[in-house]
Amino acid sequence: MQLKIYNSLTAEKEIFKPILEGNVGMYVCGPTVYSNVHLGNVRTFLSFDFIYRTLMHLGYKVRYVRNITDAGHLTDDGNVDNDRFVKQTRLEKLEPMEIVQKYTVDFHKVLDMFNLLPPNIEPTATGHIVEQIELTQKLIDTGFAYESNGSVYFDVLEYNKRGLNYGELSKRNIEELFANTRDLDGQGEKKNPQDFALWKKASPAHIMRWNSPWGEGFPGWHLECTAMSTKYLGETFDIHGGGMDLKFPHHECEIAQGKACNGAAPVHYWMHANMLTMNSQRMSKSTGNYILPMQLVTGDNDFFEKSFHPSIVRFCFLQAHYRSVLDISNDAMIASEKGFIRLMEAVKVLNSVTPDDQKPSGFSVQEWKDKCYEALTDDFNSPILIAHLFEAVKYIFALNDGKETISTHDLEDLRSTLNALIFDVLGLQNVEENNNEKLDQTLKVLIELRNQARKSKNFELSDQIRDKLLAEGIELKDGRDGTSYVLN
Ligand code: AMP
Ligand code: ZN
């Protein structure tokens, strides 16, 4: 089955042809670590985690690079004074690198909670200042960039004059862009308002600063991704991903930088994940319409009536295609929880099904499998895949009720395919199994403490442990091989 990927650049679903057969180079724009990631950010990273898992499941050797934006850069409105790091540093009275460390740790914790696999390389912008200075110099030398008052800008008009097309990804016309852009930043410095900063002169108040041939300053945001993707994946690589909102200007600028530097398009397949909305409004820190991932998991929020296990959140996200907007609501989460529990129940039930090689079955495991892989390879269609999983769920319950049969071969096939799709590809975790394991470990600790209390003749404490557990429906049984427990 051929893998098809929707390419934002051509606006078409294309057959995926990697540069090096069997290998994939994938770069995804990472977080700006100046505050906690919100649930919307998680959706984008989770979409690419599913894509990464699928590529590996399909047999590709993937080098997945996801950066950390830890250098102060311009905000969308281009105003240096709005530098998010500088602001947060003042607010929290911390060193810039303390802010970076704090929120990088938080980012990793959150993604780990949702069972995202770490990328193969996670480079930081501040670790690649030298490469960014080199790229800037190269762009000046080739006439694509110019220095102005200690800052360096990319010359968009010059780029187009040379037959290249700024706006090709976001389908914007340069004349319109010029007419509609207000020159908020670099006033009097830029030749044209659409020119973007490769290097920015640091004002005296700016804390994150580095020496450069143009004086002390800091790199432009767009440049870090070009520097790091080129370094780890080459001048041209297979897949570049990010949230839909990064298409313009961020990714547009990356294309321009790549083409100007190397004379070739940097990316073959541009992939954009769609936004998470809550109560029909885009989730974003700036509007206040956001929820922190932990708040959904602990239930400590005003939007949802109860808490939800991270795997249920993950399941809910994957029930929407990565290119569709997903609106998260209480009802949607409750529905996902129901579906998730049923899916996990089916996995459990399937383990106790006995095959029958005599009677014919009304369900073709092979056909079902083909449909699952068709969905998976059709631009990573997780909702269709999940719909097929539920056809299997129905069949599994029919097997359990003795209303259907399955051969030995098919049973093995169904079990291994279902497990691979649910746990490896969708990345779901069995909540019950996890909880049981944790409970088991906790009880073993309590039994150990009770044994120690008995050894030191503290019978009051040892009895207390036994009685309190009994009151919770957990009975401790002392036998010749030690103490075991029974859940009543
Ligand atoms: P940032 O840290 O702001 O650079 O954002 C990190 C990633 O989260 C980017 O790929 C954004 O496109 C993505 N993102 C931001 N808001 C949302 C949202 N509401 N839904 C999905 N992705 C988002
Ligand atoms: Zn980027």
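Okay, quick word on terms before we start: when I say helix or strand, I mean DSSP runs, at least four residues for a helix and at least two for a strand, numbered from the N terminus. With that, the chain has 16 helices and 15 strands. And keep in mind throughout that this is a predicted model.

Let me give you the overall picture. The C-alpha trace spans about 85 × 65 × 40 Å along its principal axes. There are 488 residues in the chain, and buried ones make up 52% of them. If you take the contacts with a separation of 6 or more, 73% of them come from residues 24 or more positions apart.

Now the inside. The largest nonpolar core has 90 residues. Which residues have the most contacts inside it? Those are Met 26, Leu 39, Leu 55, Phe 114 and Ile 328. This core isn't confined to one domain: it draws at least three residues from each of domain 1, that's 17–273, and domain 2, 277–425. Apart from it lies another core, of 40 residues, with Val 65, Ala 125, Tyr 159 and Phe 178 among them.

Let's stay with Phe 114 for a second. Leaving out residues up to four places away in sequence, Phe 114 touches Leu 39, Val 42, Leu 46, Pro 293, Val 297, Pro 310, Val 313 and Arg 314. Three of those names come back when you look at helix H10, residues 310–318: Pro 310, Val 313 and Arg 314 are on its list of buried residues. In fact 9 of the 9 residues of H10 are buried, so the helix is largely enclosed by the rest of the structure. Besides those three, the list has Ser 311, Ile 312, Phe 315, Cys 316, Phe 317 and Leu 318.

On to the metal. Which protein atoms are the donors of the zinc ion, ligand 2? They are Cys 29 through SG, Cys 225 through SG and His 250 through NE2, lying 2.0 to 2.2 Å from the zinc. Along the chain the spacing reads C-x195-C-x24-H. The two cysteines link distant parts of the chain, 196 residues apart: Cys 29 sits in the loop between strand E3 (23–28) and helix H1 (39–57), and Cys 225 is in helix H7, residues 221–233. Are these cysteines buried or exposed? Buried means under 20% relative accessible area. Cys 29 comes out at 6%, so it counts as buried, and Cys 225 at 1%, so that one does too.

Last stop is the loop between strand E12 (281–282) and helix H9 (293–298), where you find Lys 285. An unreviewed UniProt entry lists Lys 285 under "binding site". Lys 285 is partly exposed, with a relative accessible area of 26%. Setting aside residues up to four places away in sequence, Lys 285 touches Ser 35, Asn 36, His 38, Tyr 290 and Leu 292. With Ser 35 there is also a side-chain to side-chain polar contact of 3.2 Å.

Asn 289 is found in the loop between E12 and H9 as well. At 10% relative accessibility, Asn 289 counts as buried. A polar atom of the Asn 289 side chain lies 3.4 Å from the backbone oxygen of Arg 282. Again not counting residues up to four places away, Asn 289 touches Met 278, Gln 281, Arg 282, Met 283 and Ser 284.

That's my tour, thanks.

Key. Residues numbered from 1 in each chain as written. Chains lettered and ligands numbered in written order. Predicted model: local features only at pLDDT ≥ 70, side-chain atom pairs only at ≥ 80, totals over all residues. Heavy atoms only, no water. UniProt positions renumbered as here; feature names shortened; annotations may be inferred. Buried < 20%, exposed > 50% of the residue type's maximum accessible area, 1.4 Å probe, protein only. Contact = heavy atoms within 4.5 Å. Polar contact = N/O pair within 3.5 Å; in protein donor to acceptor, adjacent residues only side chain to side chain. Donors = N, O, S within 2.8 Å, 3.2 Å for Na, K, Ca; no water. Core = buried A, V, L, I, M, F, W, Y, C linked by side-chain atoms within 4.5 Å. Domains from an automatic or database assignment.
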